[in-house]
Amino acid sequence: MNFITLSRINSKALNLLVLLYPLTLLTGNFLVNTNVFLICLLGILNYKKNIFSLDEIKLKFLFFLFFLSIIITTIFFSKSIGNEMGVLKSFLYLRYFVFFLVLKYMIENNDLDIKRLLICCLILTSFISLDVTFQTLTGKNFFGFEGFGRHNSSIFGQELIAGSYIQKFFLFSLICLIFLFDKLDNRKLFIIGLFLSLFFLGILLSGNRMPLVMFLFSVGLMIILIKELRQTLLIVSVFFSLIFTISIFTNEMVKANYSNFYMHSISTIKNVKKLYAKEYPELEKQKDKFFSTIENLKSDKFFMKESDNKKDSEETSEKNEILAFGSGHQVIYLTAIDVWLDKVFLGNGLKSFRLTCKTKLHLPNRVCESHPHNYYLELLNDTGLIGTFIFILSILFLFISKISNFRNLNPKEKFFLVCILIAATAELFPLKSTGAFFSTSNSSYVFFLLGLLSGSKNIEKKT
């Protein structure tokens, strides 16, 4: 078997693996990790000359510096907080740097079948939207699974992320529709409007509130940036408002869900602003009851905020304002800010918040979780101001480099670039509540977007 034949086999296998990526996100971390690992392995074999070349060295260097900062910080602080396993994980996290580069060079070498990838996204996103709607109407989805309280989770079961999945991939579905249509007449614009309405309905009925906000934010950006779709999107937005209003007045669960979301959002902003800088010098004497050794950090009995001394707890409540837990975000954010301020520049290392949050449990309105529920608070906690700055700088450099070349692209390439930019902006929006940045699904999706964005040229040839 000669080199050219082997290269073709590798290229076809890589295409299949990338096409499977949106599907693996439906199945769980094991298949996502396996898929990403195989993409990295075959990608290195196919594009080692590109990956290790000096082309676009500034972009590569900035992103590599971010990954290097994770490793260095984790090594430096792992022993002091009992996070030894974090060191291995920080090296393994480099797979997303390779994943990013492989996707970039697949597109630049016209090896990625963009059209099939987009069709795959359209099929999966439409299916999940229909499944959520069916589950809302009948109480069970297509496979007989029931929802969970105010959430209709489709095939995700107890993992309540159906709305998030639709929001992540609906722009890929929109790109697919645009690429399938040669010219946008009224009939084709109507079809696009129908699909967008289906996606909106799926997210709304899923019960996932932040994805709905990000969906509307993305549509707003499209209205501003995509002239060809502006009229259609404005009309569809009126329909969105009608659907939302009807849902609020006819479904008590939907009404309660979004009313609570509004109230919690306002109270979170207000209380975090008021309490994040407040000091409690009189409570420092209680710190040892919650944290004295590394063993205490590792112990699950210190995971939730419980005082060993009921009297001390009652006195603390009387002297200080205790917030209602609500959605939990305000106390998590306060804890994350406190932990970050202990190591402003370097942070504590990869996935360290679940340990370091326990050092703040002697303070009121503090709690422990596995992550801070916001990408940037997690980055600040784990990589410090330096690592977070490098990451933001890398993103801005990538965005600016693509926007500066915008005039040289044909219409479909421009549309692809704008949609990927919007998707990345929505995913990295700083004020939204999120899952863990360093989780398998979120990290893979972030660098999936950035890889496509980085290589976004000559798209027309593959569609």
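**Exercise 1. Packing of α3 against α19**

Determine how the axes of α3 and helix α19 (residues 440–454) are placed relative to each other in this predicted model, and which residues meet between the two helices.

*Solution.* Begin with the axes: those of α3 and α19 come within 13 Å and cross at roughly 170°. Angles over 145 degrees count as roughly antiparallel, and therefore α3 is classed as roughly antiparallel to α19. Then list the residues on each side: α3 contributes L59, F63, F66 and F67, and these meet F447, L450 and S454 of α19.

**Exercise 2. A nonpolar patch that includes a residue of α3**

Identify the residues that make the nonpolar surface patch, and state whether F76 is buried or exposed.

*Solution.* The patch covers about 500 Å² and is made by F76, F345, L346, L385 and I386. Of these residues, take F76, which lies in helix α3. Its relative accessible area is 60%, and because exposed means over 50%, F76 is counted as exposed.

**Exercise 3. E56 and its partner**

Find the residue with which E56 forms a salt bridge, describe where the two partners lie in the chain, and assess the backbone of E56.

*Solution.* First, the side chains of E56 and K104 meet in a salt bridge, with an N to O distance of 2.3 Å. This pair links distant parts of the chain, since E56 sits in the loop between α2 (29–51) and α3 (57–81), whereas K104 belongs to helix α5 (residues 95–108), 48 residues apart. Second, consider exposure: K104 has a relative accessible area of 1% and is buried, while E56, at 37% relative accessibility, counts as partly exposed. Third, look for shared partners: E56, K104 and E108 are joined into one network by salt bridges. Finally, turn to the backbone, where E56 has a positive phi of about 50° although it is not a glycine. Most residues other than glycine have a negative phi.

**Exercise 4. A positive phi at N110**

Locate N110 and state what its phi is near.

*Solution.* N110 is found in the loop between α5 and α6 (114–138). The phi of N110 is near 55°, a positive value in a residue other than glycine. With a relative accessible area of 22%, N110 is partly exposed, because the buried class requires a value under 20%.

**Exercise 5. Two further salt bridges**

Give the N and O distances for the salt bridges K60 with D55 and E427 with K168, and compare the exposure classes of the partners.

*Solution.* In the salt bridge between K60 and D55, the closest N and O atoms are 3.3 Å apart. Here K60 is buried, with a relative accessible area of 7%, whereas D55, at 30% relative accessibility, counts as partly exposed. In the salt bridge between E427 and K168, the closest N and O atoms are 3.1 Å apart. That pair links distant parts of the chain, E427 being in helix α18 (residues 411–427) and K168 in helix α7 (residues 162–180), 259 residues apart. E427 counts as buried at 3% relative accessibility, and K168 is likewise buried, with a relative accessible area of 10%. The count of salt bridges comes to eight.

**Exercise 6. Surroundings of two buried residues**

For N35 and V272, state the helix in which each is found and name the residues that each touches beyond four places in sequence.

*Solution.* N35 is found in helix α2 and counts as buried at 4% relative accessibility. Leaving out residues up to four places away in sequence, N35 touches L17, L20, Y21 and T24. The C-alpha atoms of N35 and V18, which are 17 residues apart along the chain, are separated by 8.0 Å. V272 lies in helix α11 (residues 252–275) and is buried, with a relative accessible area of 13%. With its neighbours within four places set aside, V272 is in contact with Q330, Y333, L334 and I337. The C-alpha atoms of V272 and I337, 65 residues apart along the chain, are separated by 9.4 Å.

**Exercise 7. The chain as a whole**

State how many helices and strands the chain has, what percentage of its residues is buried, and what area the chain exposes.

*Solution.* The chain has 19 helices and zero strands, and buried residues make up 53% of its 463 residues. Among contacts between residues at least 6 apart in sequence, 77% join residues at least 24 apart. The chain exposes about 22000 Å², of which carbon and sulfur atoms supply 65%.

Note on methods. Residues numbered from 1 in each chain as written. Predicted model: local features only at pLDDT ≥ 70, side-chain atom pairs only at ≥ 80, totals over all residues. Heavy atoms only, no water. Salt bridge = Lys/Arg side-chain N within 4 Å of Asp/Glu carboxyl O. Buried < 20%, exposed > 50% of the residue type's maximum accessible area, 1.4 Å probe, protein only. Patch = residues over 30% accessible without salt bridge, like charges linked within 9 Å, V, L, I, M, F, W, Y side chains within 5 Å. Areas by Shrake-Rupley, 256 points an atom, 1.4 Å probe, with all protein chains shown as cover. Axes fitted to C-alpha atoms, helices over the stretch in contact; angles between N-to-C directions. Parallel < 35°, antiparallel > 145°, perpendicular 65-115°, else oblique. Contact = heavy atoms within 4.5 Å.
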